[in-house]
Amino acid sequence: MNPSFSSYLINDVFDDPGVYVDIRWSKRALLFDLGHNDGLGPTRLLRAGEIFVSHTHMDHFIGFDAVLRVALGRGKTLKLFGPPGLIENVYGKLRGYTWNLVDGYPLTIEVREFHESEMHQIKFRASDGFQPSEQAAFPASPTSSPLFTVLEDPMFTVKAVTLNHRIPSFAYSLEEHFHINVNKQKLHEAGLRVGVWLNNVKQYIRQGKPDDFRFTVALYDEHRREDHEFVLGEVKERFLTISRGQKIAYAVDARYDEENEAKVVALAQGADIFYCESPYLDCDAEKARDRYHLTARQAGLMARKAQVRDLVVFHFSPRYTGQGEALEREAMEAFQGE
Ligand SMILES: [Zn+2]
Ligand SMILES: [Zn+2]
């Protein structure tokens, strides 16, 4: 099975937090948080067209400039999602520079800010010096769950919950709707080749096309073009395995209390990988609470309750420099229930 998402921490566990998610075979990537991120390099930064910000404390937002810089001058839309205040903070960043020579640039920055009962949206275009435009507000769809949808894509859904960090801090989950695996052996046996046409097939399935949907594919063999007609249901049955999709959860900067815990556990439920902050050791739990942060043990306990497959802890406080292993161990012991 080849997973669709390949995810990893952007920095070392003691450096700025953030997770990069590469969506395989699509040239797309998602970014969770905007801490220092120069290490990703321009290619990967440019690929990240959708960015989910937990909150705008400096260690989660200073990397905005690096993304802006690589995106400037390239024809793309950059989408940012996050808590109340994000629009103002993005605007503030943009106002920190002079934009008299970018009117030919095609970059648009779209920001979506999620309030309790409304979603605010705004666009900043390079072509008009990043002045705010197309400001709009949409009512949030009512839900009894603390989870709300931030982005609905044909391939996946990104949800969030608002955690208490003395300011709202968003934790996110990324869920692939289902996973499509191609059986190359069977394809080969039928004399067919792997190619772009399979990406189209995946797209038809994600768009919900019916099994009797017919499509033609031009397949090339020894410079000869041959048109094959396929029926979607048949392709599915012969060459594809459709299984449960991947789930990734990301939670940072939150106090350990009953409400936050319930929200994180609901969000991360059954995740394949749960990225959770663990800045403090549990012997400093009081300090962690004062600073509205988690301890390693608390991260492990939540991961256990959420029944995740794998826990990755990070965002370690510099006070424990040289004790990274102790933080890791404490989290894993709580997670595994030892
Ligand atoms: Zn913070
Ligand atoms: Zn932080």
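In this predicted model, the lining of the largest cavity comprises 7 nonpolar, 1 polar and 3 charged residues. That cavity has a volume of about 40 Å³, and a search of the whole structure finds 1 cavity of 30 Å³ or more. Its lining is made up of L163, A251, V252, D253, A254, R255, N260, V264, E277, L294 and M302.

One of these lining residues, D253, also belongs to a metal site. The zinc ion (ligand 1) has four protein donors, namely H55 through NE2, H57 through ND1, H165 through NE2 and D253 through OD, which lie 2.2 Å from the ion. Along the chain, these donors of the zinc ion (ligand 1) are spaced as H-x1-H-x107-H-x87-D. The angles among the 4 donor atoms run from 89 to 170°, and the site is irregular. A range reaching 170° does not meet the tetrahedral criterion, because that requires all angles to lie between 85 and 135 degrees.

D253 coordinates both the zinc ion (ligand 1) and the zinc ion (ligand 2), and the two ions are 3.7 Å apart. Distant parts of the chain are linked by the pair H57 and D253, which stand 196 residues apart. H57 sits in the loop between strand 4 (48–52) and helix 2 (64–71), whereas D253 sits in the loop between strand 16 (247–251) and helix 7 (258–268).

The accessibility of the two donors can be stated as well. H57 has a relative accessible area of 35% and is therefore partly exposed. D253, at 1% relative accessibility, falls under the 20% limit and so counts as buried.

The structure also has pockets to consider. The largest pocket holds about 510 Å³ of space. It is lined by 24 residues, of which F114, H115, E116, A140 and F148 are the closest to its centre. Two or more lining residues come from each of strand 6 (108–114), strand 7 (118–125), strand 8 (132–139), strand 9 (148–152), strand 10 (156–164) and strand 11 (168–176). Strand 9 gives the largest share of this lining, 3 residues. By class, 14 residues of the pocket lining are nonpolar, 6 are polar and 4 are charged.

The two spaces are set side by side below.

| Space | Volume | Nonpolar lining | Polar lining | Charged lining |
|---|---|---|---|---|
| Largest pocket | about 510 Å³ | 14 residues | 6 residues | 4 residues |
| Largest cavity | about 40 Å³ | 7 residues | 1 residue | 3 residues |

In summary, D253 is a donor of the zinc ion (ligand 1), coordinates the zinc ion (ligand 2) as well, and contributes to the lining of the largest cavity.

Technical notes: Residues numbered from 1 in each chain as written. Chains lettered and ligands numbered in written order. Predicted model: local features only at pLDDT ≥ 70, side-chain atom pairs only at ≥ 80, totals over all residues. Heavy atoms only, no water. Donors = N, O, S within 2.8 Å, 3.2 Å for Na, K, Ca; no water. Tetrahedral: all angles 85-135°; square planar, octahedral: opposite > 155°, others 65-115°. Helix = DSSP H or I, 4+ residues; strand = E, 2+ residues; numbered from the N terminus. Buried < 20%, exposed > 50% of the residue type's maximum accessible area, 1.4 Å probe, protein only. 1 Å grid on protein atoms, 1.4 Å probe; cavity = no way out; pocket = protein on both sides within 12 Å on 5 of 7 lines; lining within 4 Å. Points joined across faces, edges and corners; volume = space filled by probe spheres on them. Nonpolar A, V, L, I, M, F, W, Y, C, P; charged D, E, K, R; others polar.
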